[in-house]
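Hi,

Here is the structure I said I would pass on. Have a look at it first, and my notes follow underneath.

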Amino acid sequence: MQNQEHSIASIKLNNGFTIPQLGLGTYRMTDRSLALKAFAFAIEKGYRHFDTASLYENEAIIGEAIRNSGINRAEFFITSKLWNDDQGYDRAKRAIYRSNEEIGLGYIDLYLIHWPVSKYRLESWRALEESLKEGICHSIGVSNYMANHLRELYENCTVFPAVNQIELHPFNYLSRSDTLELCSEKGVIPAAYCPLTRGQKLNDPKLLHLAAQYGKTPAQILIRWGIDHGFCEIPKSANPARIEENISVFDFELSEEDLATIDSWDKNLSVSWDPSKVD
Ligand SMILES: NC(=O)c1ccc[n+]([C@@H]2O[C@H](COP(=O)([O-])OP(=O)(O)OC[C@H]3O[C@@H](n4cnc5c(N)ncnc54)[C@H](OP(=O)(O)O)[C@@H]3O)[C@@H](O)[C@H]2O)c1
């Protein structure tokens, strides 16, 4: 075992597999040399869950970093995603094989439909279901699915998603309540992307005040808020100090009262895509 400094809680998925509750977001980390260094540092600090996508063009770099680590592959959890151009049954099947080849670790822990493309999402899902039987993916899920998309899928699938990855932070939490309630009812784990609001809310005075009370940084409060709600959190950083800061959230908890206060900060904020208008 390497110099693993932080041990991360895990969540059980609805199919029996477990997912580390904190992962490294990797969007825009495409420079191979910089990314390899950042991923090696993250692994040393205890990250075992990496969030990628074919869109991010770094699946191969993540696979390489994991092979370089010398740590057993089974200790890692890799999420990848089907991009819109690859939706539809045949294209999705090819894309899953391609992602698995790119990552080069034998299987993909979790494979998501990146976006609910109206015309193709149901036939794409059939390809994802087959990837489970073929053993290419251990778990499958969706991303950017709102309650209406989840309901449609529920009525038309054999396997229900293990995870729904959506933009989720205190500034849109209440606005996502119908989706989150359905996830909870059906045993789907919400994974929070843009948990740091891409930095937009890190200087919010309410957040700064609470962070000072806990002796933590604003980013750590946002990440801990998601952990305390039972979400998966995938903050992205390419910077060693911030990679370490973001994993240093397992030595404290927010009080019930502070959690409720933070919940009330909702502003229906989207810092990325807003899928709520997709039919
Ligand atoms: N499924 C989807 O449709 C979807 C959409 C968007 C994102 N995602 C996934 O979710 C991940 C996270 O989302 P995101 O990257 O968009 O946004 P984010 O994690 O909310 O924010 C990342 C930004 O915050 C900075 N940062 C990181 N840690 C910080 C800290 N402790 N203090 C201050 N600033 C900090 C990063 O800069 P440095 O790198 O310089 O630290 C970067 O600019 C993505 O990387 C991707 O894996 C998925």
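Why does C137 not form a bond with the closest cysteine sulfur? Bear in mind that this is a predicted model. The closest cysteine sulfur to that of C137 belongs to C157, and at 16 Å it is too far away for a bond. A disulfide needs the two sulfur atoms within 2.5 Å. C183 runs into a similar problem, because the closest cysteine sulfur, in C232, is 12 Å from its own, again too far. The disulfide count for the model is zero. As for where these cysteines sit, C137 is buried at 2% relative accessibility, and C183 is buried too, with a relative accessible area of 1%.

Now the sheet. Eight strands make up an open sheet with parallel pairing, and the order is β3-β4-β5-β6-β7-β8-β9-β10. The edges are taken by β3 (24-25) and β10 (232-233); each has a single partner strand, so one side of each has no neighbour in the sheet. If you want one pair to look at in detail, try β8 (residues 163-167) with β9 (residues 189-193), which are joined in the parallel sense by five bridges. There, I166 has A192 in β9 as its bridge partner.

On to the helices. Helix α4 (residues 121-133) lies across three strands, β5 (77-82), β6 (108-113) and β7 (137-143), and runs at about 160° to β7.

Helix α1 (residues 32-45) is where you will find F39. That phenylalanine is buried, with a relative accessible area of 0%. Leaving aside residues up to four places away in sequence, F39 touches L24, T26, M29, F50, I61, I62 and A65. For a distance to check, the C-alpha atoms of F39 and E64 are 9.6 Å apart, with the two positions 25 residues apart in sequence.

What does α1 meet in α9? From α1, the residues involved are A38, F41, A42 and K45, and on the α9 side they are P240, I243, E244 and I247. By class, that contact has six nonpolar residues, two charged ones and no polar ones. The axes of α1 and α9 (residues 240-247) come within 10 Å of each other and cross at roughly 30°, and the crossing is right-handed.

Cheers

Key: Residues are numbered from 1 along each chain as its sequence is written. This is a predicted model: local features need pLDDT of at least 70, side-chain atom pairs count only at pLDDT 80 or more; totals for chains, interfaces and linings use all residues. Side-chain values use heavy atoms; hydrogens and water are left out. Buried means under 20% relative accessible area, exposed over 50%, partly exposed in between (1.4 Å probe, protein chains only). Two strands pair if DSSP finds at least two bridges between them. Helices (H or I, at least four residues) and strands (E, at least two) are DSSP runs, numbered from the N terminus. Contact means heavy atoms within 4.5 Å. Axes are lines fitted to C-alpha atoms, for helices over the stretch in contact, and angles run from 0 to 180 degrees between N-to-C directions. A crossing is left-handed if the near helix is turned anticlockwise from the far one by less than a right angle, and right-handed if clockwise. Ala, Val, Leu, Ile, Met, Phe, Trp, Tyr, Cys and Pro count as nonpolar, Asp, Glu, Lys and Arg as charged, and the others, Gly among them, as polar.
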